[in-house]
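Me: I am new to this structure and would like a close look at one part of it. Please keep the sentences short.
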Amino acid sequence: MNDTPLLKVSAVSKFYGQRIGCKEVSFDLWPGEVLAIVGESGSGKTTLLNCISTRLMPTAGSVEYTMRDGTVRDLYHMSEAERRFLMRTDWGFVHQNPADGLRMTVSAGANVGERLMAVGDRHYGNIRATASDWLSRVEIGVDRIDDAPRAFSGGMRQRLQIARNLVTGPRLVFMDEPTGGLDVSVQARLLDLVRGLVNDLGLSAIIVTHDLAVARLLSHRMMVMKDGYVIEQGLTDRVLDDPREPYTQLLVSSILQV
Amino acid sequence: MSPEVPSDSGLAAYNFAYLDEQTKRMIRRAILKAIAIPGYQVPFASREMPMPYGWGTGGVQVTASIIGPDDILKVIDQGADDTTNAVSIRAFFQKVANVAVTTHTGDATIIQTRHRIPEQTLSEGQVLVYQVPIPEPLRFLEPRETETRKMHALEEYGLMHVKLYEDIAYNGRISKTYAYPVKVAGRYVMDPSPTPKFDNPKMHMSEALQLFGAGREKRIYAIPPHTEVVSLDFEDHPFEIQRFDKPCAMCGAENVYLDEVILDDKGGRMFVCSDTDHCEDRREQGHVGELLAIQEAAE
């Protein structure tokens, strides 16, 4: 199984008219691997993530995914029904703003249960049991199961969003700035939680972040983007400890030391 | 003008049944498409009608498109033949189509309804026309029309169960009592218009053709005769219809849908058949309910 990458990205480019979103990005993601994409605002991180996760149609290039049955499919040659099914079963997408990824008007339990119901689970008792199990795994009190996410703090919302995505046992999770807007102690707990879950479940993940500490803690490998191009990639520790490109050196040296 | 319509009907001001023939053709095409794809909402170019939206403009347009001079029309509102909406729509068709009208369910060929399905089982050849305010069952869960259309197209109906899940989580049971979502012919999830869920089982395998018209929202959908209609539920919380403690106070009928009527300001109330025709029929046959018996004894 390990002789094919889970995700194979080949020369993906996205242009917004004359402007470059991202240009000729290629990489492989292997099962169980966590890849961080770092760079400053406007460097094309989120554009790239959206292109890979079928949320945005790339201008050129292809993205191939190894399905559960071992077949390799080009995402942009799949029907929309198949793509959407993949997105809500085998994939997860954690948004920077939890309100984008959650249904704010329905209870936490229903938020977690939605994917189960979408794939045909029709037993209320089982759905609820699974939902409360997942809430406790992301450290949300089970007594909050009937509260709407509106009543939750930012950190809780983000954890709820993670539970909602992981409930169907996905193999690949996309995260767009998962710790953005959270204070440092909440960030630390969230990172700890995500690291634990990724290890326990053997997930592959692609994490977009501007925070090098997040990349250091979670990822095995990282890519540095600037102006739509990938300028450097390698093992996380290598890139952070021994940056080669001048821009990466600048990025690493501009981390605030307390 | 279709040949069966008499040209000397004395209704010079209106075409037969108010709508012009081109409009009727357009609506009939939408109806045929709706029948071909049970439960699918067919868009149509809804016209202005001489009544406000919310008064059944969708149902009236459907009825106007299918009615012929030989049809017998019955109009009900909340089960009753004698409420404002029913009376005015009936009068409208008497005026613009000069058709026979009735209050007897069994005699009618077309029944236009708001909020109820008659208690008497409908038979082959009858058409039930529903007035629909909001045709989209997913609307209050997903506000985007582009998204709900896509969800219908791809049969993504998990969200409908999220609503039912919420009901059970907060109330211990599915508390939705009207406009209870159904799945038609194993494919499309459909809003049966705001009929009480009591009436949902009557739609299943009905011999009559059921047409739904939403004027403001510009949608027509249909359930052809002998079509499977299943109310959505959970395995451990199956679909149930409303039950009433007492029979109808006027005719003593059981297993019918009852309306609560307040009698005085001292807490007096009675439960009577919502279907007035059904209640009258039973009383003519000599059935006497609790309250009617007291009244007759007093006289």
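Which residue forms a salt bridge with A:Arg103, and how far apart are the closest N and O atoms? Please go on to the surroundings of that pair.

Reply: The partner is B:Glu142, and the closest N and O atoms of the pair are 4.0 Å apart. The pair crosses between chains. A:Arg103 sits in the loop between helix 3 (98-101) and helix 4 (108-118) of chain A. B:Glu142 sits in the loop between strand 5 (127-131) and helix 4 (145-153) of chain B. A salt bridge here is a side-chain nitrogen of Lys or Arg within 4 Å of a carboxyl oxygen of Asp or Glu. Helices (H or I, at least four residues) and strands (E, at least two) are DSSP runs, numbered from the N terminus.

A word on the model itself. It is predicted: local features need pLDDT of at least 70 and side-chain atom pairs pLDDT 80 or more, while totals for chains, interfaces and linings use all residues, and side-chain values use heavy atoms, without hydrogens or water. Residues are numbered from 1 along each chain as its sequence is written, with chains lettered from A and ligands numbered from 1 in the order written.

Now the interface. The rule finds five salt bridges across the interface of chain A and chain B. Another cross-chain pair is B:Lys150 with A:Glu80, where the closest N and O atoms are 3.0 Å apart. Over all chains, the search finds 37 salt bridges. The contact (heavy atoms within 4.5 Å) takes 21 residues from chain A and 21 residues from chain B. Together the two chains bury about 1900 Å², 58% of it on carbon and sulfur atoms. On the chain A side, A:Arg84, A:Arg122 and A:Tyr124 lose the most area to chain B, together 38% of what that side buries. Buried area is the accessible area (1.4 Å probe) lost by two parts on being put together, summed over both.

Next, helix 4 of chain A, which borders the loop of A:Arg103. Helix 4 packs against helix 5 (residues 158-171) of chain B at an angle of about 140 degrees, with axes 8 Å apart. Axes are lines fitted to C-alpha atoms, for helices over the stretch in contact, and angles run from 0 to 180 degrees between N-to-C directions. The two helices are therefore oblique to each other. Angles under 35 degrees count as roughly parallel, over 145 as roughly antiparallel, 65 to 115 as roughly perpendicular and the rest as oblique. On the chain A side, the residues that meet helix 5 of chain B include A:Gly109, A:Glu114 and A:Met117. From helix 5 of chain B come B:His161 and B:Tyr165, among others. The residues of this contact divide into six nonpolar, three polar and two charged. Ala, Val, Leu, Ile, Met, Phe, Trp, Tyr, Cys and Pro count as nonpolar, Asp, Glu, Lys and Arg as charged, and the others, Gly among them, as polar.

Helix 4 of chain A also packs with helix 6 (residues 154-166) of chain A, at about 30 degrees and with axes 7 Å apart. That makes helix 4 of chain A roughly parallel to helix 6 of chain A. A:Glu114 and A:Arg115 of helix 4 take part in this contact, as do A:Leu160 and A:Arg164 of helix 6, among others. Its residues divide into four nonpolar, two polar and three charged. A:Glu114 thus appears in the contact with helix 5 of chain B and in the contact with helix 6 of chain A.
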